Amino acid sequence: MNLYFRLFLLQLRVRLRPTVRGRRPSLWDEVRTPFRVTLTDLDPLRHVNNGKYLSMLDLGRLDLMLRSGFWREIAERGWYPVVSAQTITYKRSLTLGQRFGLVTRVLGLDDRAAYLEQTFVRNGTVVARAVVQARFLRRSGGTVSPAELLDAAGGTDRDLTVPEWVHEWAGATRISSTAG
């Protein structure tokens, strides 16, 4: 239930204040999504449950796509994003009532996927960081190519070459189609 409430608040916030520093962000900009730890986020040790972080990552990515207008563009084309791999590293705990932000940015694209970095930050200190591999699928079946994604986003003036360490990570996490 908490996720749906946060989704509602996110959509309301995007409608009321869609800009970042006075302009609508592009898909290639960094977006900060604010949160506060609620009682339903906690595990028995009274800090945010590791699974809750993953749900908040979804909201951060949605925030970037909504504010940039990319969500509308892919919906009109019959596309949708899916997470194909992710890894997260926790450095500090978040506890009840604390405010924090989730910073989301696209790292780059390769021939298979889009890669994002999402960082949880409280008072200027990194709490956790995730790397996410996402693919875009067609509702009619099949995958969306990086060239099509770039076209839908209106192109970019930024280098979207995926860092080598991300390629290594993606290779290490790939599951073979013949794996049992």
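## Close-up views of a predicted model

**View A. The open sheet and its strand order.** In this predicted model, 5 strands form an open sheet whose order is β1-β3-β4-β5-β2, with antiparallel pairing. The edges are taken by β1 and by β2 (79–90), each of which has a single partner strand, so that one side of each is left without a neighbour in the sheet. On average, and with direction ignored, neighbouring strands of this sheet are turned by 25° against each other.

**View B. The pairing of β2 with β5, and the helices that pack on the sheet.** Strands β2 and β5 pair in the antiparallel sense over 11 bridges, and within this pairing V82 has R135 of β5 as its bridge partner. Helix α3 (residues 70–77) packs on the sheet, where α3 touches β2 and β5, and the direction of this helix makes about 135° with that of β2. Helix α5 (residues 164–173) also packs on the sheet, touching β2, β3, β4 and β5, and the direction of α5 makes about 65° with that of β5.

**View C. The aromatic pair of F35 and F100.** The structure holds 5 aromatic pairs. In the pair shown here, the ring centres of F35 and F100 are 5.5 Å apart and the ring planes stand at 15°, which is under the 30 degrees that serve as the cut-off, so the pair counts as stacked. Because F35 lies in strand β1 and F100 in strand β3 (residues 99–109), the pair ties together parts that are 65 residues apart in sequence. Both F35 and F100 are buried.

**View D. The aromatic pair of Y53 and F120, and the cluster.** Y53 and F120 form an edge-to-face aromatic pair, with 4.9 Å from centre to centre and 80° between the planes. Since Y53 lies in helix α2 and F120 in strand β4, this pair ties together parts that are 67 residues apart in sequence. Y53 has a relative accessibility of 3% and therefore counts as buried, and F120 is buried as well, with a relative accessible area of 0%. One aromatic cluster is formed by F35, Y53, Y90, F100 and F120, and this cluster thus includes the residues of the pair shown here together with those of View C.

**View E. The surroundings of E117 in strand β4.** E117 is found in strand β4, which covers residues 114–122. Is this glutamate position, E117, buried or exposed? With a relative accessibility of 14%, which is under the 20% cut-off, E117 counts as buried. When its neighbours within four places in sequence are left aside, E117 is in contact with V103, T104, R105, L107, R129 and A130.

**View F. Two loop residues with positive phi.** Most residues other than glycine have a negative phi. R46, which is not a glycine, has a positive phi near 65°, and its place is in the loop between β1 (31–36) and α2 (50–68). At 64% relative accessibility, which is over the 50% cut-off, R46 counts as exposed. N123, again a residue other than glycine, has a positive phi near 55°, and N123 is placed in the loop between β4 and β5 (125–138). The relative accessibility of N123 is 70%, so N123 likewise counts as exposed.

Terms used. Residues are numbered from 1 along each chain as its sequence is written. This is a predicted model: local features need pLDDT of at least 70, side-chain atom pairs count only at pLDDT 80 or more; totals for chains, interfaces and linings use all residues. Side-chain values use heavy atoms; hydrogens and water are left out. Helices (H or I, at least four residues) and strands (E, at least two) are DSSP runs, numbered from the N terminus. Buried means under 20% relative accessible area, exposed over 50%, partly exposed in between (1.4 Å probe, protein chains only). Contact means heavy atoms within 4.5 Å. Rings of Phe, Tyr and Trp (its six-membered ring) pair if their centres lie within 6.5 Å; planes under 30 degrees apart count as stacked, over 60 as edge-to-face and the rest as tilted. Two strands pair if DSSP finds at least two bridges between them. Axes are lines fitted to C-alpha atoms, for helices over the stretch in contact, and angles run from 0 to 180 degrees between N-to-C directions.
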